[in-house]
Amino acid sequence: MIYIPTQPDVVTRMLSLAQVSTGDVVYDLGSGDGRIVIAAVRDFSAALGVGVELDAFRVQEAIGHARRARVSDRVFFLNQDLFQADISSATVVTLY
């Protein structure tokens, strides 16, 4: 599996384009190291960020990043196939 992290400026543009704000529940499908949902909560004041990632190593990495960003109370990661994820509570869905 090839992992290509989203560049920070692209993350910002994606979340800006989606007009993420307070109250949003942002899901990132194939969340990798968690940078999109972390930025959604930290920089755009989203209520909740949920990353869905198949690679268990990336999930653990993302959990550590969320902890260091001090958003682990509002950012969660699911170690599962994105095609099996229940995203019904999402107000914004991203995929890079």
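Me: Leaving aside its neighbours within four places in sequence, which residues is D33 in contact with?

Reply: Keep in mind that this is a predicted model. Here D33 touches Y3, I38, R58, E61, A62 and H65.

Me: Where along the chain is D33 found?

Reply: Look for the loop that runs between strand 1 (25-29) and helix 2 (35-44); D33 is in that loop.

Me: Is D33 buried or exposed?

Reply: The idea is to check relative accessible area, where under 20% means buried. D33 comes out at 8%, so it counts as buried.

Me: Which side chains have a polar contact with the side chain of D33?

Reply: There are two to find. One is Y3, at 3.2 Å, and another is R35, at 2.7 Å.

Me: Now helix 3. How do I read which way its residues point?

Reply: In general, an α-helix has 3.6 residues a turn, so residues three or four places apart point the same way. In this model, the buried residues of helix 3 are R58, V59, A62, G64 and A66. Two of those, R58 and A62, are also among the contacts of D33.

Me: What do the buried residues of helix 3 pack against?

Reply: Helix 2, strand 2 (48-53) and strand 3 (75-79).

Me: How far does helix 3 reach from its first C-alpha to its last?

Reply: Its 13 residues, 56-68, cover 19 Å, close to the expected 18 Å.

Me: And what caps the N-terminal end of helix 3?

Reply: That's D55, with a side-chain oxygen 2.9 Å from the backbone nitrogen of F57. After the helix comes R70, which has a positive phi near 60°.

Methods: Residues numbered from 1 in each chain as written. Predicted model: local features only at pLDDT ≥ 70, side-chain atom pairs only at ≥ 80, totals over all residues. Heavy atoms only, no water. Helix = DSSP H or I, 4+ residues; strand = E, 2+ residues; numbered from the N terminus. Buried < 20%, exposed > 50% of the residue type's maximum accessible area, 1.4 Å probe, protein only. Polar contact = N/O pair within 3.5 Å; in protein donor to acceptor, adjacent residues only side chain to side chain. Contact = heavy atoms within 4.5 Å. Expected span 1.5 Å × (residues − 1).
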